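Let's read a protein model together, one feature at a time. The learner asks, and the teacher answers.

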Amino acid sequence: MNTLGTSGVRVSALGFGGAVIGNLFTEVRDAQAHEAVTAAWQCGIRYFDTAPHYGLGLSERRLGEALREHPRAEYTLSTKVGRRLEPSGGGGDDLADGFAVPATHRRVWDFSADGVRRTLESSLERLGLDHVDVVYLHDPDDHAEEAFREGYPALEKLRSEGVVGAIGAGMNQAEMLTRFVRETDVDVVLCAGRYTLLDQSALTELLPAAVARGVSVVIGGAFNSGLLADPRPGATYNYAQASGDLLDRALRMREAAERHGISLRAAALAFCAAHPAVASVLVGARSAAEVQDAADQFAIPVPPAFWQELRDTGLLTTEEPS
């Protein structure tokens, strides 16, 4: 278990990402989602992440229900604010936003102080809990002014009141997360897809800044939405079809991994986890089997010779992992 900054909040090195059980792209049955969370627990995972955005609250409801079977003090739960859910009578589905659920609600961007509290209160209702351990500002890319002026101070106040244990921001970019690390007193940032075997942009400023400031980093998107889990024609990279160049790189990495007796999945997870700033790596899973596979791959040691081969062949241009 690792501690988030100086907050005292602890997370397992491998975490459960809740977007998939919010019916990301395709439907997941209730029982299947429950089995995935149960398998995560059995594998020793004690950090679970969710958000109202994931399936218009479905992920929060499913995660809360599954975790009620376990002692509250034995796991860490994070959710997010910034997208407030309002009832919608428009009908249809939510696939335009990536989730195979009925469009019963609409998302309203809201990083105001009042919006932060209202969104968190609604999350607690869906989760069936009286508190969460970590709250992130979710994707404030186009709302930086409001997020820094109102959203962050609201989270800081919630932390000072003891309502939450740790606060931060979660995004698919590194630049604004670096600003949060340098200009605020966040405990943790969640960086999705920007520190992987195929994209090390977080290494330029974010990760060094986090180490310098004592801020923890949680990594999401270790497989870049699929390409590093199963490189093949049609595989996705950052939620769109991967280009030929990226597919070629991933295939060459997989061949190198196999020469060293490991899977590309094991290498992708190990790469994310190895940096000293990283406290946890989130993996989304839609079944118990996928959870078990992630846990098994995460436990596999990656030989230093593999990293050296990637560097020697130009497939990896960083000195990390050292």
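The dialogue below covers the barrel, a helix beside it and the internal cavities.

Q: Before we begin, what kind of model is this?
A: This is a predicted model, and side-chain atom pairs count only at pLDDT 80 or more.

Q: In what order do the eight strands close into a barrel?
A: To read a barrel, follow the strand pairing from neighbour to neighbour until the circuit closes; two strands pair if DSSP finds at least two bridges between them. Here the order is S3-S4-S5-S10-S11-S12-S13-S16, with parallel pairing. Ignoring direction, neighbouring strands of this sheet are turned by 25° against each other on average.

Q: How many bridges join S3 to S16?
A: Strand S16 covers residues 278-284, and four bridges join S3 to S16, the two running parallel. For one pair to look up in the viewer, take Gly17, whose bridge partner in S16 is Gly284.

Q: Which strands does helix H8 lie across?
A: Helix H8, residues 264-274, lies across strand S13 (216-220) and S16. Its direction is at about 150° to S16.

Q: Now the cavities: how many of 30 Å³ or more does the structure hold?
A: A cavity here is a set of grid points where a 1.4 Å probe fits but cannot get out. The structure holds two cavities of 30 Å³ or more. About 40 Å³ of space lies in the largest cavity, and the second largest cavity also has about 40 Å³.

Q: Which residues line the largest cavity?
A: Its lining consists of Pro52, Arg83, Arg84, Leu85, Arg118, Thr119, Ser122 and Arg126. Strand S6 (83-87) and helix H3 (113-127) are the elements that give two or more residues to this lining. H3 gives the most, with four residues.

Q: What classes of residue make up that lining?
A: In the largest cavity, the lining has four charged, two polar and two nonpolar residues.

Q: And which residues line the second largest cavity?
A: Here you will find Leu14, Gly15, Phe16, Ile45, Val283, Ala285, Val291 and Ala294. The elements giving two or more residues are strand S3 (14-17) and helix H9 (288-298). S3 supplies the largest share, three residues. S3 is also one of the barrel strands, so you can start from the barrel when you look for this cavity's lining.

Q: What classes appear in the lining of the second largest cavity?
A: That lining has seven nonpolar residues, one polar residue and no charged residues.

Definitions and conventions:
Residues numbered from 1 in each chain as written. Predicted model: local features only at pLDDT ≥ 70, side-chain atom pairs only at ≥ 80, totals over all residues. Heavy atoms only, no water. 1 Å grid on protein atoms, 1.4 Å probe; cavity = no way out; pocket = protein on both sides within 12 Å on 5 of 7 lines; lining within 4 Å. Points joined across faces, edges and corners; volume = space filled by probe spheres on them. Nonpolar A, V, L, I, M, F, W, Y, C, P; charged D, E, K, R; others polar. Axes fitted to C-alpha atoms, helices over the stretch in contact; angles between N-to-C directions. Contact = heavy atoms within 4.5 Å.
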